[in-house]
Amino acid sequence: MTLELNKLHRSIKTNIVLINDGSDDHTLARLMKMQHTLASPHTNIYVLNRVLPNARTGKGGALNYGLNFIQNLPTKFDTTHTIIGIVDADGFISADHIKMVIGTFENNPVGMVQTAVSMNSTSHNWLSKMQDVEFLGANSFMQECRNTIGQAIASGNGQFTTLKMAESVKWGNSLLKDFEFTIRGLLQGFKTIFLPQAIVYQEAVQKLVPLWKQRIRWCEGSMQCWVKYSKQLFLSPLVKNIVKTDMLLFLTMPFVSMILNVANSVSAFMQFNNIFKQKLLPVVMVFIIVLMFTLFVWSLIGLEYHQNDHQRSVFTCIFLSWQCIVYNFILSYIPYFAFSYLVTGHVKWDKTAHAQTAHATN
């Protein structure tokens, strides 16, 4: 990252704040080594070490700890023109894309810019490829749609915010801290924008169990935000009605999906039963209609994926997007686990296991 920051114009003063959030491996030693070996005349590198019992309270707590450090630096920053970029330990963003982010702040009255997110390698296994389509295809498609209504959602990696917004909003303690940050910003009148041309690359979760744990945490976090902020969003005079609708629909989706899963299962059983009642033709027709509509929707996602990933052909991107139907089915029962955790008070922030490493950083 230091090498990329050194490629920026010298008028742009850069700092890197590395946070070790109570890791019990050799992370701190590695960060200290990086601080000395990556010394640069253009970039200051700081290493912060959180220790238990104050550490491991969630990414929001770690970010607020870093923000507090920045606020107490001897240098007094212009809060409107100082940008805080959040890149996870497994993430990478190029200098060219950082320049795009800076240009977006210069040309738009926003408090936050969210980049696109892609997996840094999709050749490991099928799950890696599906996550790449999910982030660079489906998520980018939804974020670009949100741009049309004047709002985007923070996605963690690749989240850039002005110091002014960070100081005013700060990160909460929900399990979906980035979406919570977006909502808290909305309630204070801050605007955000999605920048699809800039991409942060991160590691994919390559095993199903760690992926399930990650998504259960995200889903429970969304439910937490619904409980905590839905009323405030609905009543807020600072948020446009169309943005309110989008945010509230997003927060309601996990609850609705639990009902839809049951309804779909009942419908499938009834259609299967109709086959034995000599009603094969209507069943086949319904199946074909549903299948064609589903493939059409995911073909649109495939086209978005192709637009953002120029290395693959249109056919390959669409074929991968169709496979996401199976991927989504595998993840479709996550809301039940998340809801059970929510009602039983099971709130635990576990770091995401990347690359088969149980204690890797999220």
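Start your tour by selecting Pro53, which lies in the loop between strand E2 (43-50) and helix H3 (59-71). Keep in mind as you go that this is a predicted model. Now show the backbone from Leu52 to Pro53: the peptide bond joining these two is cis, with omega near 10 degrees.

Stay in this part of the chain and click on Arg56, which is also found in the loop between E2 and H3. What is the sign of phi at Arg56? It is positive, at about 60 degrees, although Arg56 is not a glycine. Turn on the surface here, and you can check how much of the residue is covered. Arg56 counts as partly exposed because its relative accessibility is 38%, and partly exposed covers the range between under 20% (buried) and over 50% (exposed).

**Next stop: the loop between H6 and H7**

Select Lys170, found in the loop between H6 and H7. Its phi is near 60 degrees, a positive value in a residue other than glycine. Lys170 has 37% relative accessibility, so it counts as partly exposed.

Now move along to Ser174, placed in the loop between helix H6 (163-169) and helix H7 (177-187). Is Ser174 buried or exposed? With a relative accessibility of 9%, Ser174 counts as buried.

Show the side chain of Ser174 and look at what it reaches. One partner is the backbone nitrogen of Leu176, at 3.2 Å. Another is the side chain of Glu180, with which the Ser174 side chain makes a polar contact at 2.9 Å. Which residues does Ser174 touch once its neighbours within four places in sequence are left aside? Select Glu180, Gly221, Gln224 and Cys225 to see them.

**Last stop: a nonpolar patch on the surface**

Select Phe272, Ile275, Phe276, Leu280, Val284, Phe287, Ile288, Leu291 and Met292, and switch the surface on. Together these residues make a nonpolar surface patch of about 900 Å². Colour helix H9 (241-275) and helix H10 (280-308) next, since each of them supplies at least two residues of the patch. Which helix gives the most to the patch? That is H10, with six residues.

Finish by zooming in on Phe287, one of the patch residues, found in helix H10. Phe287 counts as exposed because its relative accessibility is 55%, and the cut-off for exposed is over 50%. For a last look, flip back to Ser174, which counts as buried at 9%, and view the two residues in turn.

Terms used. Residues are numbered from 1 along each chain as its sequence is written. This is a predicted model: local features need pLDDT of at least 70, side-chain atom pairs count only at pLDDT 80 or more; totals for chains, interfaces and linings use all residues. Side-chain values use heavy atoms; hydrogens and water are left out. Patches are made of residues with over 30% relative accessible area and no salt bridge: like charges are joined within 9 Å, nonpolar side chains (Val, Leu, Ile, Met, Phe, Trp, Tyr) within 5 Å. Accessible areas come from the Shrake-Rupley method with a 1.4 Å probe; for residues, only the protein chains shown count as cover. A salt bridge is a side-chain nitrogen of Lys or Arg within 4 Å of a carboxyl oxygen of Asp or Glu. Helices (H or I, at least four residues) and strands (E, at least two) are DSSP runs, numbered from the N terminus. Buried means under 20% relative accessible area, exposed over 50%, partly exposed in between (1.4 Å probe, protein chains only). A polar contact is a pair of N or O atoms within 3.5 Å; within protein, one must be able to donate a hydrogen and the other to accept it, and residues adjacent in sequence count only if both atoms are side-chain atoms. Contact means heavy atoms within 4.5 Å.
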